[in-house]
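User: I have a model to look over before setting up calculations. Can we go through it question by question?

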Amino acid sequence: MFDLSAIGIGYGSLLMLFMMIALLLTGMQLAFVTGFVALFFTVGWFGIETLPLMTSRLYSFVDSYIFLAVPMFVLMAALLDRSGIAHDLFEAMKLFGKRVRGGVGVQTLLVAIILASMSGVIGGETVLLGILALPQMLRLGYNRKLAIGVTCAGGALGTMLPPSIVLIIYGLTASVSIGDLFKASFLPAFILAIFYILYVLIRCRINPSLAPIPSAEELARDAETQPNFFKALFFPLLSVVVVLGSIYTGVASVTEASALGVVGIMLSTWIRKELCFAMLKDAAIATMKTCGMIIWIGIGASALVGIYNLMGGIDFVEVTILSLSGGNATATLLIMMGILLVLGMFLDWVGVALLTMPIFVPIIVGLGMDPVWFGVVFCLNMQVSFLSPPFGPAAFYLKSVAPKDISLGEIFSALVPFICLQVLTLGLVIIFPVLALWWR
């Protein structure tokens, strides 16, 4: 039997990293890559008799009560995706959006904020906006890159805005209150959304040709077929108030609020006479697929981090990062963000969170920084990774529903100004932590 422990933790870490990269390049799913590498190092480092340690790690991951909130919020997004709520909301706001230069872009961002506050899952929001908003802006003669950037960046706001699934997974891995994370992320997410809106309005003011205003005849024609504004806005805002209001006021926990949100969306679709067995079946299947992916990645990452910790890897990483930064807290944070940004370009955010946060958060706490604030910093890093090439998932979500003449290269180039605004917001939160911790 081979003994990997003889090579030491330094070379063992390099071997682990090399194995993961090599297996990922073969096309193997991240969940199976991490699981296989964890199994290999468990047997090779400690011996086959220590395999039960892996099973204990797996159980601890899926045994968390707060994890129940994940399938609930995913189910909310799935039901929303299959109902006409988002469509009516977008159509109702046309009356205001078309009267201002760049207004439909702003309208798209406002709808994105409401949708993000209802579900917190970026994939569905980006696809919905790609179907509803992008064709509308292109038909009105909006600049292609501006329309693409607004649609894609707006759809990714679900990363930051509560009830963000990213925040929930971070809270689970970092053992931080989900409610505190929701409170901390609200203002930075609001600032980022305002930056997006101001960018659209200012660019269109400087260059009016980017966003033509419809003619009076077209406005009148749209007004005749437009759904009632207040009726269309009622159900989405009610869901937001029920979910976030119950969390912020302490009436319900995050898990309980997620269940209330599902009930609210189901009642809304029932009142709208859209609720049927086929919708529930499709939404349930989509929810199981998404949650199954999260659980499998979580199981593999949890096993890998657990065995790496037993090998002494977390202490090794801490010493390495602190030695590179000279013990300076700011330099340490920048090194961590560099690692997160690089990993975010190639790995799913779930894998990034579950692989890095058990290692990074203890270092952050040891340096005297707030783990809740770091959770907001982490989510902003994931915001950037969602839009960044070569594997920015938001761009691929949009590409799946965009007109065929829009290439991935055009989408990524359109996202550059919005990535800059994300980096600006990230810098502000780092320089002024009170932006995330104002509520304390």
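User: Which helix gives the most to the lining of the largest pocket?

Analyst: This is a predicted model. In it, α1 (8-25), α15 (277-310), α16 (313-325), α17 (329-346) and α18 (349-366) each supply at least two residues of that lining. Nine residues come from the helix that gives the most, and that helix is α1.

User: How many charged residues are in the lining of the largest pocket?

Analyst: The pocket has a volume of about 950 Å³. It is lined by 28 residues, with L17, M20, I339, L343 and T356 nearest its centre. By class, 24 are nonpolar and four are polar. The count of charged residues is zero: there are no charged residues.

User: What share of the residues in the protein is buried?

Analyst: The fold has 23 helices and zero strands. Of the contacts with a separation of 6 or more, 78% join residues 24 or more positions apart. Among the 440 residues, the buried share is 53%.

User: How many residues of helix α10 are buried?

Analyst: Helix α10 spans residues 165-174 and is mostly covered. Its buried residues include I165, L167, I169 and Y170. They pack against α4 (69-82), α11 (178-206), α15, α18 and α19 (371-387). Of the 10 residues in α10, the number buried is nine.

User: Which residue caps the N-terminal end of α10?

Analyst: Look for a side-chain oxygen by the backbone nitrogen of V166. The two atoms lie 3.1 Å apart. The capping residue is S164.

User: What is omega for the cis peptide bond joining P162 and P163?

Analyst: P163 lies in the loop between α9 (144-155) and α10. The bond from P162 to P163 is cis. Its omega is about 5°.

User: Is S175 buried or exposed?

Analyst: S175 lies in the loop between α10 and α11. Its phi is near 55°, a positive value in a residue other than glycine. Exposed means over 50% relative accessible area. S175 is at 70%, so it counts as exposed.

User: What is the relative accessibility of K273?

Analyst: K273 sits in the loop between α14 (254-271) and α15. It too is a residue other than glycine with a positive phi, near 60°. K273 counts as exposed because its relative accessibility is 79%.

User: Which side chain makes a polar contact of 3.4 Å with the side chain of Q383?

Analyst: Q383 is in helix α19. It counts as buried because its relative accessibility is 0%. Beyond four places in sequence, its contacts include A156, L192, Y196 and Q422. The polar contact of 3.4 Å is with the side chain of T159.

User: How far apart are the C-alpha atoms of G102 and L201?

Analyst: G102 is in the loop between α6 (94-97) and α7 (103-119). It is buried, with a relative accessible area of 0%. Leaving aside neighbours within four places in sequence, G102 contacts Y142, V200, C204 and A211. G102 and L201 are 99 residues apart along the chain, and their C-alpha atoms are separated by 5.8 Å.

User: Which residues form one aromatic cluster with Y196?

Analyst: The structure holds seven aromatic pairs. Y196 belongs to a cluster of aromatic residues. The others in that cluster are Y199 and F418.

User: What is the angle between the planes of F40 and F41?

Analyst: F40 and F41 form an aromatic pair, 5.5 Å centre to centre. F40 is partly exposed at 26% relative accessible area, whereas F41 is buried at 0%. Planes over 60 degrees apart count as edge-to-face. This pair is edge-to-face, and the angle is 80°.

User: What is the centre-to-centre distance in the aromatic pair of F396 and F412?

Analyst: This pair is edge-to-face too, with 70° between the planes. It links distant parts of the chain: F396 is in helix α20 (residues 393-399) and F412 in helix α21 (residues 408-414), 16 residues apart. F396 is partly exposed at 37% relative accessibility, while F412 is buried at 12%. Centre to centre, the distance is 6.4 Å.

Terms used
Residues numbered from 1 in each chain as written. Heavy atoms only, no water. 1 Å grid on protein atoms, 1.4 Å probe; cavity = no way out; pocket = protein on both sides within 12 Å on 5 of 7 lines; lining within 4 Å. Points joined across faces, edges and corners; volume = space filled by probe spheres on them. Helix = DSSP H or I, 4+ residues; strand = E, 2+ residues; numbered from the N terminus. Nonpolar A, V, L, I, M, F, W, Y, C, P; charged D, E, K, R; others polar. Phe/Tyr/Trp six-rings, centres within 6.5 Å; stacked < 30°, edge-to-face > 60°. Buried < 20%, exposed > 50% of the residue type's maximum accessible area, 1.4 Å probe, protein only. Contact = heavy atoms within 4.5 Å. Polar contact = N/O pair within 3.5 Å; in protein donor to acceptor, adjacent residues only side chain to side chain.
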